[in-house]
Amino acid sequence: MLDRIRLDKVVVVPDDALPLAGGYPTNNPNLNDRTVDLQWGFPNDASIGTFYGDHATRSSSNPFYYEASLLHELGHARYLVDVYGFNVHVSAGNRIDILENGAPIVGTPYMPYVNSWRDAVRYTPYTGLMNGNGPTVDRHSAVALNLIRGRRATLGNYNAPGNLGAYLNDLPAQNELTVRDASGAALPGASVRIYRAGPGEGWYAKVYDNTADMSLTADAAGKVLLGRCPFSATGGITHTNNHSNGVAIVRVQSGDRVGYGFIEATDFNLEYWRGRTALGRHELRVALRKQGSAVGSVDEHAPTERVSQPLVVKNEVSDLVGQ
Ligand SMILES: [Zn+2]
């Protein structure tokens with residue numbers, strides 16, 4: 001992290017005065033104030049007495065002392081996107097319709113749930129600030145911040161600015177994917193299919209139909225070429241309300257064994273930012289199972305719990321508004 005941020009200006013306004021120039025009281029306290037690079041408003045609502053009511057306890061769980069969700073919102077104001085939007089869910093407007101031997105793969109060993117309440121099949125590996133679980137900045141957002149280090153806000157100093165997520169389309173011109181089995185052995189000659197996320201309902205929704213969008217054959221080293229953007233037919237990353245195409249499902253078949261995995265646009269960004277702008281290199285390990293062996297054995301794999309804390313509720317609405 002190359003930039004440092006400090007509190008530079010506090011403006012006290014009359015009760016109920018926010019917003020001063022349109023927008024929302026929290027996200028846009030004063031759209032005309034260009035003197036600062038990030039802004040946030042604190043209206044005199046009930047939260048002042050409750051959410052911010054403890055003026056004495058020095059604790060990261062006391063928002064008056066340290067409000068992690070506010071730092072997350074200021075991340076948006078700078079231009080960062082929600083990294084938790086790269087998680088893959090199968091509820092509330094999200095679906096995976098991929099079938100194996102005529103049966104849905106979700107909840108089988110091909111694609112087990114990763115949480116105990118059985119609504120997610122993948123969590124992004126990038127945990128931290130924009131995944132809603134600070135206090136550290138997630139790796140993807142840290143590099144994105146460094147890309148504009150030292151620069152004044154140019155397209156808005158509030159959540160959300162015009163350059164929100166401008167970096168998501170930093171993708172290498174070509175991308176090579178090596179497919180491996182769970183032990184790490186490359187899978188020469190494997191059949192590799194890519195399923196892109198289409199739009200659904202809700203923030204960062206993903207719907208995967210049962211038709212592969214790319215069908216490739218791995219070379220003798222287990223490598224396939226994915227092009228610049230395997231995530232979309234039009235070559236662009238979408239990450240917004242009702243649609244994120246930032247994660248694609250990969251089906252790998254080697255002989256009569258099949259496994260599933262995911263590729264994530266954030267990894268392509270990181271390859272680009274490493275300087276591999278011409279050729280990004282990626283690896284995917286999949287747990288191969290004999291075709292047809294998995295259907296019906298839903299609980300064969302116990303769900304793996306991972307911490308992915310939701311945003312503090314207080315700021316959730318303004319977060320969505322800002323996106
Ligand atoms: Zn957010």
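How buried or exposed is D97, going by its relative accessible area? D97 comes out as partly exposed, with a relative accessible area of 28%. Keep in mind that this is a predicted model.

## The overall tally

Let's start with the count: 13 salt bridges turn up in the structure. As background, side chains of opposite charge can pair when their charged atoms come close. A few of the pairs are worth a walk-through.

## D97 and R95

The side chain of D97 meets that of R95 in a salt bridge, at 2.9 Å from N to O. R95 is partly exposed as well, since its relative accessible area is 45%, and for D97 the value is 28%. Both values lie between the 20% and 50% cut-offs, so both residues get the partly exposed label.

## R180 and E283

Next up is R180, which pairs with E283 in a salt bridge whose closest N and O atoms are 2.9 Å apart. This one ties together distant parts of the chain: R180 belongs to strand β6 (residues 174–181) and E283 to strand β15 (residues 279–286), with the two positions 103 residues apart in numbering.

What about burial? R180 has 18% relative accessibility, so it counts as buried, the cut-off being under 20%.

## R276, E271 and a network

R276 and E271 form another salt bridge, and their closest N and O atoms sit 2.9 Å apart. Here the two partners get opposite-leaning labels: R276 is partly exposed at 35% relative accessibility, whereas E271 is buried at 3%.

Beyond single pairs, there is also a network: E176, K223 and R281 are joined into one by salt bridges that share partners.

Key
Residues are numbered from 1 along each chain as its sequence is written. This is a predicted model: local features need pLDDT of at least 70, side-chain atom pairs count only at pLDDT 80 or more; totals for chains, interfaces and linings use all residues. Side-chain values use heavy atoms; hydrogens and water are left out. A salt bridge is a side-chain nitrogen of Lys or Arg within 4 Å of a carboxyl oxygen of Asp or Glu. Buried means under 20% relative accessible area, exposed over 50%, partly exposed in between (1.4 Å probe, protein chains only). Helices (H or I, at least four residues) and strands (E, at least two) are DSSP runs, numbered from the N terminus.
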